[in-house]
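I opened this entry to record what I looked up about the helices and how they pack.

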Amino acid sequence: MQACRFQLHYPQPLLKHPTTTPPIPKDGGLLFRQKLLYLQSLNINPHKAVNLNPSLRSTPLSSLISLERSLSSVGLSRPSIGRILDMCPLLLTSDPLPPINFLLHEVSLPFPHLPLSLTRCPRLLVSSVPTQLRPTLLFLTSLGLVLNSHTTLLLVSNVENTLKPKINFLQSLGFDEPEVNHMVVRSPGLLTLSVENNMRPKAEFFLEEMEGDLEELKRFPQYFSFSLEKKIKPRHRALVEYGFKLPLSKMLKISDGEFTARLIEMRLQRVHKR
């Protein structure tokens with residue numbers, strides 16, 4: 001994104017609202033139509049936006065223009081702003097600056113990284129700093145995580161109902177707290193996975209059918225991010241069929257073509273040894 005060319009060496013000042021445009025006189029239907037046309041110019045579905053955010057009906061056009069300016073000031077392009085607002089219509093009547101300043105000053109996210117963080121997770125912009133973002137940041141940093149533009153989406157997760165169950169599940173497998181924290185730091189995506197639909201079935205397959213060692217899971221926690229049905233099972237069973245075994249990382253990180261080639265190479269090496 002264009003904003004990424006800036007090199008900032010000092011803490012960013014708190015962002016403030018740009019000067020708003022003068023209020024447009026109220027004139028019922030005409031002004032409402034102007035507002036709808038403005039939303040359409042941003043590629044926002046105005047009917048969906050009004051249905052999901054009824055407060056939008058009474059919001060002056062000048063406020064929407066001011067909102068666009070605020071989002072533009074952090075490096076978001078107009079198409080990106082439109083996508084964000086269409087995905088999250090509540091933002092149309094919210095103040096985005098408290099979450100933005102939180103990301104800059106408490107998460108210490110570099111200013112040029114803001115656009116990627118916000119486009120990956122627009123919900124950040126409508127999340128409460130004191131009740132959602134700050135408590136979640138404290139929990140994540142207690143695990144040893146240093147957030148970046150790819151992991152700030154974790155800040156919108158509920159600590160008790162979403163994040164802690166993943167930690168508790170990993171501990172239930174036999175990992176102690178420092179080991180779990182290290183796994184999460186190495187693979188933050190673990191905190192985005194469903195325990196029942198993802199982590200548990202994969203752990204059971206690894207421990208029971210693969211007869212795997214927890215030490216290997218500790219070394220390669222990314223195992224949980226691969227598809228059980230499309231990658232883990234077929235590759236493991238292909239190895240078993242020919243009597244081979246590979247470390248999890250070598251079994252899973254390569255493409256299907258590379259895996260097939262490696263399997264053929266291993267079979268040829270066996271033939272030559274005979």
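My notes on three helix topics follow.

I keep in mind that this is a predicted model, in which local features need pLDDT of at least 70, side-chain atom pairs count only at pLDDT 80 or more, and totals for chains, interfaces and linings use all residues. Residues are numbered from 1 along each chain as its sequence is written, and side-chain values use heavy atoms, with hydrogens and water left out.

**α3.** I looked up helix α3, residues 61–72 (helices are DSSP runs of H or I, at least four residues, numbered from the N terminus). Its 12 residues should span 16 Å at 1.5 Å a residue, and the end C-alpha atoms are 17 Å apart, which agrees; the expected span is 1.5 Å times one less than the number of residues. I noted L61, S62, L64, S66, L67, E68, S70 and L71 as the buried residues of α3 (under 20% relative accessible area, 1.4 Å probe, protein chains only).

**α5 and α7.** I found that helix α5 (residues 97–105) packs against helix α7 (residues 129–142) at an angle of about 20 degrees, with the axes 11 Å apart. The two are therefore roughly parallel to each other (angles under 35 degrees). P98, P99 and F102 of α5 make the contact with V129, L133, R134 and L137 of α7 (heavy atoms within 4.5 Å).

**α8 and α9.** I then saw that the axes of α8 (residues 159–172) and α9 (residues 177–186) come within 10 Å and cross at roughly 125 degrees. In α8, I167, L170 and Q171 meet E177, V180, M183 and V184 of α9.

Methods:
Axes are lines fitted to C-alpha atoms, for helices over the stretch in contact, and angles run from 0 to 180 degrees between N-to-C directions. Buried means under 20% relative accessible area, exposed over 50%, partly exposed in between (1.4 Å probe, protein chains only). Angles under 35 degrees count as roughly parallel, over 145 as roughly antiparallel, 65 to 115 as roughly perpendicular and the rest as oblique.
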